[in-house]
Amino acid sequence: MAKRIQLSRTGGSEVLELVDVAPADPGPGEVRVANRAVGLNFIDIYFRTGLYPAPALPTGLGTEAAGVVDAVGEGVTHLREGDRVAYAQGPLGAYAELHTLPADKVVVLPEGVDFETAAASMLKGLTVQYLMRQTHRLEAGETILWHAAAGGVGSIACQWARALGVKLIGTVSSPEKAALAEQNGAWATIDYTRENVVERVRELTDGAMCDVVYDSVGKDTWETSLDCLKPRSLMVSFGNASGAVEGVNLGILNQKGSLYTTRPSLNGYADTRERLEMMAAELFEMLKSGKVKVDIAQRYPLAEAGKAQDALQGRQTTGSTILIP
Ligand SMILES: NC(=O)c1ccc[n+]([C@@H]2O[C@H](COP(=O)([O-])OP(=O)(O)OC[C@H]3O[C@@H](n4cnc5c(N)ncnc54)[C@H](OP(=O)(O)O)[C@@H]3O)[C@@H](O)[C@H]2O)c1
């Protein structure tokens with residue numbers, strides 16, 4: 001038997017239960033991974049609350065972890081028992097001691113990237129890779145607005161932007177979070193609890209505004225974000241921390257300056273093994289070179305996944321959070 005976090009109904013963190021399950025043997029094309037560290041992500045909260053429906057209930061939770069391959073299914077050629085690996089996609093159930101998933105979603109960890117770093121950065125770092133290098137290929141000198149700049153994805157984004165020579169303006173909710181984002185390479189920060197975001201962006205850019213806005217807050221910031229853009233530039237809406245953006249009248253893109261918008265996801269970019277390998281290689285390079293250092297600011301035992309999610313949802317965390325099985 002192995003322990004995993006499971007939910008039988010959607011709701012608050014009280015629906016998360018630690019249960020014993022018989023670990024599934026890997027089928028053809030699958031591997032089973034003995035997780036050494038598990039990543040905590042906002043998307044796990046969307047599945048727990050039902051904002052994103054799980055395929056079935058009861059269900060496991062979580063998609064990001066790192067560990068050792070413990071069993072290999074038929075037809076898998078790129079992985080062997082004992083390999084050090086990480087993953088950020090696949091069926092829900094990474095909050096567990098053992099997780100079985102398609103081998104295609106699993107990459108081998110290079111030397112120099114440890115389990116905790118990998119679990120804290122696979123999903124968040126691959127997200128920054130596609131957002132900054134694919135959704136829009138950022139160039140040195142461009143100015144961007146990044147919401148939640150002291151969070152898990154945000155902390156990696158600040159460092160990646162600095163490495164690219166991009167001026168990242170980060171929004172945060174406290175002076176402590178502002179200091180952290182700036183230490184990570186944010187060119188400037190805006191404390192949205194005390195400052196008007198659009199006005200501050202106007203001042204900081206001498207009226208030019210931003211080349212791209214990356215918005216993971218959603219409902220609360222959608223219109224503000226559009227107002228921070230240059231004419232004909234790009235709004236990237238990639239999350240819903242405050243709730244989903246709904247009922248958008250496309251005419252607003254015309255009114256705010258002939259803007260472009262997209263609503264991308266990691267699964268939409270890492271949709272083939274080749275693309276996943278390419279994105280992971282770039283992330284591992286950033287980690288190994290030290291240009292991106294992953295800040296694991298919170299660690300919880302697996303059994304305390306609910307407590308960890310409450311902290312993330314309650315804006316009490318910074319950087320990445322991991323669960324230890
Ligand atoms: N589309 C994709 O491919 C993809 C992939 C990964 C993550 N994401 C999204 O990226 C975002 C960041 O994920 P993360 O796991 O790294 O979380 P995080 O940024 O560490 O935590 C969320 C942060 O959002 C800010 N926030 C603003 N309004 C909030 C609200 N109403 N409730 C809660 N938080 C609020 C808070 O920072 P302040 O206190 O500074 O405001 C909070 O710390 C999430 O929206 C997630 O869904 C999307």
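# A walk through the model, starting at a proline

Let's begin with Pro58, which sits in the loop between H1 and S4. The peptide bond leading from Leu57 into Pro58 is cis, with omega near -5°. Keep in mind as you look around that this is a predicted model.

Right after that loop comes S4, so to speak, and it's a good way into the sheets. Strands of a sheet pair through backbone hydrogen bonds, either parallel or antiparallel. S4 belongs to an open sheet of three strands, ordered S2-S1-S4, and the pairing there is antiparallel. Strand S2 (17-21) and strand S4 (59-60) stand at the edges with a single partner strand each, so one side of each has no neighbour in the sheet. Which strand does S4 pair with? Strand S1 (residues 2-7) is the partner, and the two are joined over two bridges in the antiparallel sense. If you want to find the spot on screen, look for Leu7, whose bridge partner in S4 is Thr59.

Further along the chain there's another bit of antiparallel pairing. Strand S5 (residues 65-72) pairs with strand S6 (residues 84-87) over four bridges, running antiparallel. Gly67 has Val85 of S6 as its bridge partner. S6 is also joined by three bridges to strand S8 (residues 106-108), again in the antiparallel sense. Val85 turns up here too, standing opposite Val108 in S8.

Now for a sheet with parallel pairing. This one is open and has six strands, in the order S11-S10-S9-S12-S13-S14. At its edges you'll find strand S11 (188-191) and strand S14 (260-262), each pairing on one side only. From one strand to the next, the twist averages 15°. Zoom in on the S11 end: strand S10 (residues 167-172) and S11 pair in the parallel sense over four bridges. One pair of bridge partners is Ile169 and Ala188, the latter in S11. Helix H4 (residues 175-183) packs on the sheet here and touches both S10 and S11, with its direction at about 165° to that of S11.

Over at the other edge, the loop between helix H7 (251-255) and S14 holds Ser258. What is notable about its phi? Phi of Ser258 is near 50°, a positive value in a residue other than glycine.

Time to look at how helices pack on each other. Two packed helices are described by the angle between their axes and the distance between the axes. Take helix H2 (residues 115-135) and helix H3 (residues 152-164): they pack at an angle of about 45°, and their axes are 9 Å apart. That angle makes H2 oblique to H3. Their crossing is right-handed. On the H2 side the contact is made by Ser121, Lys124, Gly125, Thr127, Val128 and Met132, while H3 brings Gly152, Val153, Ile156, Ala157, Trp160 and Leu164. Sort those by class and you get seven nonpolar, four polar and one charged residues.

H2 also packs with helix H9 (residues 273-288), this time at an angle of about 115° with the axes 9 Å apart. That makes H2 roughly perpendicular to H9. The crossing of H2 and H9 is right-handed. H2 contributes Thr117, Ser121, Gly125, Leu126, Gln129, Tyr130 and Arg133 to this contact, and H9 contributes Met279, Ala280, Glu282, Leu283 and Leu287. By class, that's six nonpolar, four polar and two charged residues. Did you spot the residues of H2 that appear in both lists? Ser121 and Gly125 are among the H2 residues that contact H3, and Ser121 and Gly125 are also among those that contact H9.

One more helix pair: H1 and H10 pack at an angle of about 105°, with their axes 10 Å apart. They are therefore roughly perpendicular to each other. Phe42, Asp44, Ile45 and Arg48 of H1 meet Gln309, Leu312 and Gln313 of H10. The residues of this contact divide into three nonpolar, two polar and two charged.

Let's finish at the ligand. Which residues come nearest to it? Of the 30 residues around the ligand, those are Gly151, Gly152, Ser173, Ser216 and Gly239. Several helices we've met come back here: helix H1 (42-49), H2, H3 and helix H10 (305-313) are the elements that give two or more residues to the shell. By class, the shell around the ligand has 13 nonpolar, 13 polar and four charged residues.

Note on methods: Residues are numbered from 1 along each chain as its sequence is written. This is a predicted model: local features need pLDDT of at least 70, side-chain atom pairs count only at pLDDT 80 or more; totals for chains, interfaces and linings use all residues. Two strands pair if DSSP finds at least two bridges between them. Axes are lines fitted to C-alpha atoms, for helices over the stretch in contact, and angles run from 0 to 180 degrees between N-to-C directions. Two residues are in contact if their C-beta atoms, placed from the backbone, lie within 7 Å. Angles under 35 degrees count as roughly parallel, over 145 as roughly antiparallel, 65 to 115 as roughly perpendicular and the rest as oblique. A crossing is left-handed if the near helix is turned anticlockwise from the far one by less than a right angle, and right-handed if clockwise. Ala, Val, Leu, Ile, Met, Phe, Trp, Tyr, Cys and Pro count as nonpolar, Asp, Glu, Lys and Arg as charged, and the others, Gly among them, as polar. A residue is near a molecule or strand if its C-beta atom, placed from the backbone, lies within 6 Å of it.
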